[in-house]
Amino acid sequence: MIIIDKTVCKRISYYRRGCNLTQEELASNVGIRLNHLINIEAEARIPRINELVQLAVGLGISIEELVNKVLSESP
């Protein structure tokens, strides 16, 4: 079972920074609007599953890693 919550939003930002990508670069790479990504990272909007798949691909990680992984640095 996948639970998409605000922790996932924090992980997107965490992994994006780890890849040295700006919000503009990631949004452009995965085909979502910049404002939409900003809202996701600000926890103002929970991403849909198809967006999570796009973001995981753009970040070079698996969807499981994005939604389930416990990070050593708490985002």
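**Reading helix and exposure labels in a predicted model**

Leucine 34 lies in helix α3, which covers residues 34-41, and the model in which this is seen is a predicted one.

Me: Why is leucine 34 called partly exposed?

Reply: Its relative accessibility is 29%, and the label of partly exposed belongs to values between the buried limit of under 20% and the exposed limit of over 50%, so leucine 34 counts as partly exposed.

Me: What does leucine 34 touch, leaving aside residues up to four places away in sequence?

Reply: With those neighbours not counted, leucine 34 touches Gln23, Glu24 and Ala27. For glutamine 23, which is eleven residues apart from leucine 34 along the chain, the C-alpha atoms of the two residues are separated by 6.8 Å.

Me: Histidine 36 is also found in helix α3, but what makes this residue count as buried?

Reply: Buried means under 20% relative accessible area, and histidine 36 has a relative accessibility of 5%, so this residue counts as buried. Leaving out residues up to four places away in sequence, histidine 36 touches Arg45, Arg48 and Glu51.

Me: How do you know that valine 57, in helix α4, is exposed?

Reply: The relative accessible area of valine 57 is 62%, and exposed means over 50%, so the label for valine 57 is exposed. Helix α4, where valine 57 lies, is made of residues 49-59.

Me: Which residues make the nonpolar surface patch?

Reply: The patch is made by Ile49, Val53 and Val57, and its area is about 270 Å².

Technical notes:
Residues are numbered from 1 along each chain as its sequence is written. This is a predicted model: local features need pLDDT of at least 70, side-chain atom pairs count only at pLDDT 80 or more; totals for chains, interfaces and linings use all residues. Side-chain values use heavy atoms; hydrogens and water are left out. Patches are made of residues with over 30% relative accessible area and no salt bridge: like charges are joined within 9 Å, nonpolar side chains (Val, Leu, Ile, Met, Phe, Trp, Tyr) within 5 Å. Accessible areas come from the Shrake-Rupley method with a 1.4 Å probe; for residues, only the protein chains shown count as cover. A salt bridge is a side-chain nitrogen of Lys or Arg within 4 Å of a carboxyl oxygen of Asp or Glu. Helices (H or I, at least four residues) and strands (E, at least two) are DSSP runs, numbered from the N terminus. Buried means under 20% relative accessible area, exposed over 50%, partly exposed in between (1.4 Å probe, protein chains only). Contact means heavy atoms within 4.5 Å.
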